[in-house]
Amino acid sequence: MHISSLTKPTSPSLRVGALAATVRAPAGGYHLWIRLPDGTDEAALVAASLRAGVAVSPGRPYFAAEAPAPYLRLSFADNTGTDEISEGVNRIAAACAETGVVAGT
């Protein structure tokens, strides 16, 4: 799996392990926005992800007004390999399981 394959218009969803989410392809920059199920506690998921060894940001602080839904903001770098990306996503999936986030489709 490579970042470019995650953000192709024909691949709007990301599924690795137990995590299934909608990924918004970045128009530029180095962030992926993952739409979480309604009712997700972003702060709890961010904390669980950090305990799993992955630093992510809650989406709410990046909206000028109230966020329309819960999001995670993930940063990536060009030199990140596919194995590292897969491992990070698997760790986020474990954090989802820990916090009770139900995988969507």
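Leaving aside its neighbours within four places in sequence, which residues is Y30 in contact with? Keep that in mind for a moment, everyone, and I'll come back to it.

Hi all. What you see above is a predicted model, so let me start with the overall plan. The protein chain has 105 residues, and buried ones make up 37% of them. Its secondary structure comes to three helices and five strands. If you walk along from the N terminus, the order of elements is α-β-β-β-α-β-β-α. Now consider the contacts with a separation of 6 or more: 62% of these are between residues 24 or more positions apart.

Back to Y30, then. Please find the loop between β2, residues 19-24, and β3, since that is the place of Y30. Its contacts, beyond those neighbours within four places, are L74, S75 and F76. Take L74 as an example: 44 residues separate Y30 and L74 in sequence, yet their C-alpha atoms are 8.3 Å apart in space. Is Y30 buried, exposed or partly exposed? With a relative accessible area of 48%, Y30 is partly exposed, because the exposed class starts over 50%.

L74 takes us on to the strands. Strand β3 covers residues 31-35, and this strand pairs with β5 in the antiparallel sense over five bridges. You can pick out individual partners here. L32 stands opposite L74 in β5, and R35 has Y71 of β5 as its bridge partner. On the screen, try following β5, residues 71-75, from one end to the other. Four of the five residues of β5 are buried, so we can call this strand mostly covered. For β3 the count is also four buried out of five, and β3 is mostly covered too.

Which other strand pairs with β5? That is β4, residues 57-58, again antiparallel, over two bridges. In this pairing, S57 has R73 as its bridge partner in β5.

A quick general point for the newcomers: in a regular strand, side chains alternate between the two faces of the sheet.

Now let's turn to the helices. A packed pair of helices is described by the angle and the distance between the two axes. Here the pair is α2, residues 42-51, and α3, residues 82-99. Their axes come within 8 Å and cross at roughly 130 degrees. That angle makes α2 oblique to α3, because over 145 degrees would be needed to call them roughly antiparallel. The crossing in which α2 passes α3 is right-handed.

Who is meeting whom there? From α2 we have A44, L45, A48, S49 and R51, and from α3 we have I92, A95, C96, E98 and T99. Sorted by class, this contact has six nonpolar, two polar and two charged residues.

Let me finish with one residue from that list, A44, which has its place in helix α2. How much of A44 is accessible? Its relative accessible area is 28%, and that is why A44 counts as partly exposed. Look across to A95 as well: A44 and A95 are 51 residues apart along the chain, and 9.0 Å separates their C-alpha atoms.

That's my tour, and thanks for listening!

Key:
Residues numbered from 1 in each chain as written. Predicted model: local features only at pLDDT ≥ 70, side-chain atom pairs only at ≥ 80, totals over all residues. Heavy atoms only, no water. Axes fitted to C-alpha atoms, helices over the stretch in contact; angles between N-to-C directions. Parallel < 35°, antiparallel > 145°, perpendicular 65-115°, else oblique. Left-handed = near helix turned anticlockwise from the far one by under 90°. Contact = heavy atoms within 4.5 Å. Nonpolar A, V, L, I, M, F, W, Y, C, P; charged D, E, K, R; others polar. Buried < 20%, exposed > 50% of the residue type's maximum accessible area, 1.4 Å probe, protein only. Pairing = 2+ DSSP bridges.
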